[in-house]
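Me: Hey, I've got a model open and would like to talk through a few pieces of it. Could you help me out?
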Amino acid sequence: MDVQTLSPNAVKTFDIEIDGKIVTIKTGRMAKQATGSVEIYCGDTMLLVTATESKNVREGIDYFPLLVDYEEKLYAVGRIPGSFGRREGKAPDKAILISRLIDRPIRPLFVEGYRNDVQIVATVMSADQDNPTDTYAMLGASVALSLAGLPFNGPIGAVRVGRVAGKLIANPTYSQIDESDIDLVVAGTENSIMMVEAGAKFVTEKDVLAAIDFAHQHIKRQVEAINKFVRQLGIEKKAFEAPAEITALKNLIREKTTDKLKESMQGVTDKAVRSGFIDAAKQAVVDAIAELPEEDELKTVSNGKIAEYLELYEAELMRSQVLDTGKRADGRRCDEIRPITVEAGILPRTHGTGLFTRGTTQALSIATLGIAGDAQRLDSIDPQTEKKYMHHYNFPGFSVGEVKPMRGPGRREIGHGALAERAIIPALPEHADFPYTLRVVSEVIESNGSTSMASTCGSSLALMDAGVPLKETIGGIAMGLILEGDRFAILSDIQGLEDFLGDMDFKVAGSKEGITALQMDIKIEGISLDIMRVALDQAKRGRNHIIEKMEEVLPKARPELSKWAPRIITIHIHPEDIGTVIGPGGKMIRKIIEETGATIDIEDDGTVLIGSVEAAGGEAARDKILNLVKRIEAGQIYCGRVTRIIPMGCFVELLPGKEGMVHISQLENRRVEKVEDVVAIGQRVIVKVREIDDRNRVNLTMKGVSDEERAECEAKNPTI
């Protein structure tokens with residue numbers, strides 16, 4: 001790879017080949033006032049990705065203030081936004097999820113103690129709707145940060161992996177993803193894996209590891225190309241030194257808190273009790289500092305700094321205990337699952353509910369069945385235009401004993417909801433066989449780690465309780481990691497402490513036999529495939545244990561739908577008849593809905609979905625629609641009513657909105673002088689179709705109908 005300089009804008013460019021696709025990265029033309037910026041191209045897709053560093057250090061915070069925004073512009077696909085203001089509005093869930101994808105592998109690679117604000121903005125400016133943009137946004141962020149020279153221990157590479165007909169594909173197209181049984185996004189450095197996000201159709205752990213290894217080979221080549229580009233441009237990282245350690249504070253905490261902290265890790269399962277030990281330890285440090293002379297340096301230490309050092313020491317003790325004794329803070333073995341309680345059908349008027357409790361984590365999931373018109377419409381640059389299965393995750397403050405305003409979902413809630421949604425989708429029945437729109441809401445009632453996996457289990461229970469015929473029971477488990485040098489321990493079903501102070505949060509969901517969703521985040525600079533192999537094997541054992549507990553209560557879906565759920569009747573009409581059913585301005589379909597109480601959705605191919613809680617309403621709507629689209633046939637006998645009279649005959653409505661004419665000569669077997677002598681408007685008559693002419697006019701006769709034919713017709717149509 002050689003850097004090319006393109007005049008007159010001094011644009012520098014290089015290419016990366018990913019499984020036959022050429023990705024071109026340019027810098028020096030756009031957004032030159034950002035600390036680092038790149039344009040990234042693949043096919044007709046183009047993103048502008050910038051990284052900007054603030055000049056000032058944020059004082060008094062104990063976290064790295066990284067902000068990531070992924071922006072989709074509808075001009076990228078030649079479309080004007082559908083909002084009232086015709087502007088892009090609130091970021092859609094997909095944009096938030098991709099922002100998280102960018103953030104997760106990058107954040108752990110910044111040098112510890114760095115506190116400058118950094119913002120990454122990835123803007124999709126052109127989209128060919130063939131190449132997904134998320135991995136290119138991640139790759140662009142990595143290059144932009146490298147060009148900015150920030151204290152970032154990257155670069156990273158990112159690649160999506162699909163598998164079609166047994167063959168692994170890097171960065172597949174949308175159409176290939178639809179055919180694939182694996183959809184896996186991996187980010188990592190040259191030596192290790194940083195982040196994994198996957199959906200799959202019941203694939204094995206071996207298949208997942210093979211896909212991750214395949215991805216890492218491409219990642220290594222990406223990292224090599226980025227490093228070469230940065231070297232050729234002569235960019236060096238800015239020098240950064242973390243604040244000096246306050247040794248006196250560290251020693252004081254060891255002296256005053258060791259007993260309390262160790263006591264909090266001796267089989268304590270109650271979160272509140274454990275918090276009491278931590279509060280007492282912190283107070284002991286505060287009291288000790290208060291007794292020091294005024295000139296002591298610790299007198300100026302803030303409560304925030306005390307909490308930060310106390311947390312570091314707590315992590316040191318917890319990690320040592322696990323690695324040295326194999327015992328966790330709550331007394332469990334490394335592969336032991338917390339006690340599980342499962343309940344279903346506890347809310348009387350909802351369609352389905354599942355209450356899943358694991359230790360002191362509890363999620364209540366509620367399933368609602370709707371019709372096709374309830375599907376979520378998507379207004380994005382992707383080919384997908386709607387969702388028929390939605391999972392919404394809510395995390396109120398009371399679940400962790402805190403006071404928090406009840407506002408809209410944040411990025412965390414959207415991310416957890418999407419993971420549980422992805423886990424369930426492969427188990428859903430085919431839409432053609434079960435034409436419902438499904439929504440599950442998971443309310444986190446109590447939280448102490450692994451709430452996303454609890455909501456996955458709750459969702460499976462709620463759907464089966466509603467009578468949705470899932471292909472498999474889906475369970476999920478969150479795995480943790482303690483890694484010190486060559487020593488490591490994999491923790492099954494991590495609680496909040498282990499998530500907060502450990503090195504990994506590795507969530508695995510699926511059935512007993514196969515994986516449907518995977519998400520891995522780490523807080524260190526990557527892990528090896530060998531560690532992932534151990535984690536996946538241990539996760540399978542834990543997942544199967546959880547599913548067995550669920551199936552003890554609800555082994556499969558209820559045989560009948562909830563009595564409160566709509567019954568959907570599916571019929572098919574000719575597409576030419578759609579206008580007839582809808583009527584002018586929707587008049588006809590509104591009338592049917594008002595008369596029957598049913599809901600009606602009509603698809604472009606003529607599929608009609610009729611939903612009604614009461615079976616009678618749905619059946620009545622079905623009959624009305626079938627009558628509307630029934631075709632008049634020559635030679636058939638109909639019961640109808642006279643609608644109009646003219647000198648040469650009368651018009652008879654045979655079917656709703658469909659008429660034929662009886663000529664005056666066809667009224668009786670005698671000469672009729674005046675039509676009104678035989679029929680009147682509104683009169684019920686029995687007629688036979690003589691012919692349908694080439695202009696589609698229906699000619700009728702009232703002659704030649706036998707008494708048997710008349711009686712049969714009247715019996716079939718008693719209300720005409």
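Reply: Happy to! One term before we start: two strands count as paired if DSSP finds at least two bridges between them. Also keep in mind that this is a predicted model.

Me: Good to know. In what order do the three strands of the open sheet with β23, β24 and β25 come?
Reply: The order is β23-β25-β24, and the pairing is antiparallel. β23 (567–572) and β24 (599–602) are the edge strands; each has a single partner strand, so one side of each is left without a neighbour in the sheet.

Me: And what's the average twist from one strand to the next?
Reply: The twist averages 20°.

Me: How many bridges join β23 to β25?
Reply: Six bridges, with β25 covering residues 607–612 and the two strands running antiparallel. For a spot to click on, try His 572, which stands opposite Thr 607 in β25.

Me: Which helix packs on that sheet?
Reply: That's α14, residues 615–629. Helix α14 touches β23, β24 and β25, and its direction makes about 150° with that of β25.

Me: Nice. Switching topic: is β22 mostly covered or mostly uncovered?
Reply: Mostly covered. Strand β22 spans residues 515–522, and eight of its eight residues are buried.

Me: Which strands does β22 pair with?
Reply: β11 (residues 193–203) is joined to β22 by six bridges, and β21 (residues 504–510) is joined to β22 by seven. Both pairings are antiparallel.

Me: Can you give me residue pairs to look at there?
Reply: Sure. Val 196 has Met 520 in β22 as its bridge partner, while Val 508 is matched with Leu 518 in β22.

Me: How many residues sit between β21 and β22 in their hairpin?
Reply: Four residues lie between β21 and β22 there.

Me: What holds strands like these together in general?
Reply: Strands of a sheet pair through backbone hydrogen bonds, in either a parallel or an antiparallel way.

Me: Last one, Leu 501. Buried or exposed?
Reply: Leu 501 has a relative accessible area of 7%. The cut-off for buried is under 20%, so Leu 501 counts as buried. Leu 501 lies in helix α10, residues 496–501.

Me: Leaving aside neighbours within four places in sequence, what is Leu 501 in contact with?
Reply: Its contacts are Glu 311, Glu 314, Ala 315, Met 318, Arg 319 and Lys 523. As for backbone spacing, the C-alpha atoms of Leu 501 and Glu 316 are separated by 8.7 Å, with the two residues 185 residues apart along the chain.

Technical notes. Residues numbered from 1 in each chain as written. Predicted model: local features only at pLDDT ≥ 70, side-chain atom pairs only at ≥ 80, totals over all residues. Heavy atoms only, no water. Axes fitted to C-alpha atoms, helices over the stretch in contact; angles between N-to-C directions. Contact = heavy atoms within 4.5 Å. Buried < 20%, exposed > 50% of the residue type's maximum accessible area, 1.4 Å probe, protein only.
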